[in-house]
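Hi,

Here is the structure I promised to pass on. Have a look at it first, and then read my notes underneath.

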Amino acid sequence: MKTKNFRKSSVFALILLGGTQFISCDVKPEYELGMTLNRTFKVNGKNVSKNVEVTEQISFDQKTETRTYTNLKEPEKNYTEHFEDNYYWKEMNSEIIRSDKWEQNENELKQTETGIVAGYSFIWTTVYDAETKKKKTALTEVSHDYYKEKNIEFFDSDGKNVILRKKSEIRPSFSDESKTEELERISTSYEYDEKGQCIRSKEEKVNDYISSFPAFEVEYEYNSKGHLVFAKSATGKEARFYDETNPTSLYAVEENDEQLELYVETNWYDKIWHKSEEYCDGSYDQNGNLIYAKYDDAERFFEYDESGKCVHWREVSDAGKVSECWTEYFADGEIKREERTDGDFLVREYNSVNGRHFLIFEKTAGSEIFYEYAYDKNGYVLQMTGFTASR
């Protein structure tokens, strides 16, 4: 991973957020926000002519390496992105809401990312071996008002599996609100088999207000497909997951072991691939695909193609409302077209250029939006223009 290449690839990846029609040129076409004109676009394989208004723009200044987004209808979404060697930041309303910085010393390469989401501040710090580029540690810090949570992961020599995770919470002190204290510290270690599947974990917890917690140990078993099917705690409690021999089985805990249930749900959704749905009950086919889900106020039925990609779902609410969605895919598995009967959007269609995918059309209840990109001879996007046609 060379730092110079990082800057160039970041510019390319961050600019290619969407597009429809592609124009290869070194001189960018000029459009102004609010301009009205008649244009022809290709949607779902057909040419569509529309009277449209220029409502969105992204422009990239190669001299200053600055990318600017402007939205006529929603100016609060306007932002500017800056690119420098080993450093990127995104600014909105004069506040830096996203940044990415790379630093290198003799032995390590460190990436520091920051972000602000819904009032929470995030810091992600990832350290790689400078020679092998394998991941060594990953630190996540989340802050909100006086609350702060830290989660650091240590990886094995291959840089793939987490062998130790340490989590801590920092809150205002009960005795003195002007001070903070670390309330709880959780340390979890993991062991893996030769296939890279976690077979054993051990969680140890320390709390300043409770003298000690017993260590919580769990062993895991997998079926022939590598899916987690069984977990057993040191106390003998058991958790069962989807098993190819029982297509309707879901996550279940015997003897109502709440500790094991909570532990698996909070720690293993991101570590072990197993068939369970966090917010619903459901059933699966023999390939492990969710075919039925029951939510609080609706039921949803799923259909899949031969490769296991969902091509259609149908939802029926308790009130009798029917919603449907149809999805088409590119050969690489990315979405090509998604059409729905209701929701935030009705249609989204994408194009594929040199292995990259671009949003080319979006239809909502009130408008249709088309996108056009212009790029230079090297493939760098110089401008994006969004054209809106009222419906």
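Below is what turned up, going from the whole chain to the cores and then to two residues.

First, a reminder that this is a predicted model.

The whole chain: there are 391 residues, and 39% of them count as buried. In terms of secondary structure, you'll find 28 strands and two helices. The accessible surface adds up to about 22500 Å², with carbon and sulfur atoms holding 45% of that. I also looked at how far apart in sequence the contacts reach. Taking the contacts with a separation of 6 or more, 29% are between residues 24 or more positions apart.

The cores: the largest nonpolar core is made of 13 residues. Within that core, V218, Y220, Y222, A231 and L260 have the most contacts. Two elements, β15 (216-222) and β16 (228-233), each supply two or more residues to it. The top contributor is β15, which gives four residues. There is also a second core, separate from that one, with 12 residues. Its members include F41, V43, V52 and A389.

Now for the two residues, starting with H312. This histidine is in strand β22, which covers residues 310-317. Is H312 buried or exposed? Its relative accessibility is 11%, and the cut-off for buried is under 20%, so H312 counts as buried. The H312 side chain has a polar partner too: it makes a polar contact with the side chain of E324, at 2.7 Å. If you skip the neighbours within four places in sequence, the residues in contact with H312 are F301, F302, E303, E324, C325 and W326. So E324 shows up both in that contact list and as the polar partner, if you want a pair to pull up in your viewer.

The other one is T80, in strand β5 (residues 79-84). Here the relative accessibility is 23%, and because that lies between the 20% and 50% cut-offs, T80 counts as partly exposed. Which residues does T80 touch once the neighbours within four places in sequence are set aside? They are T66, R67, T68, W89, K90 and E91. If you'd like a distance to check your setup against, try T80 to I96: the two are 16 residues apart along the chain, and their C-alpha atoms are separated by 9.4 Å.

That's everything from my side for now. Shout if anything is unclear.

Cheers

Technical notes. Residues numbered from 1 in each chain as written. Predicted model: local features only at pLDDT ≥ 70, side-chain atom pairs only at ≥ 80, totals over all residues. Heavy atoms only, no water. Buried < 20%, exposed > 50% of the residue type's maximum accessible area, 1.4 Å probe, protein only. Polar contact = N/O pair within 3.5 Å; in protein donor to acceptor, adjacent residues only side chain to side chain. Contact = heavy atoms within 4.5 Å. Core = buried A, V, L, I, M, F, W, Y, C linked by side-chain atoms within 4.5 Å. Areas by Shrake-Rupley, 256 points an atom, 1.4 Å probe, with all protein chains shown as cover.
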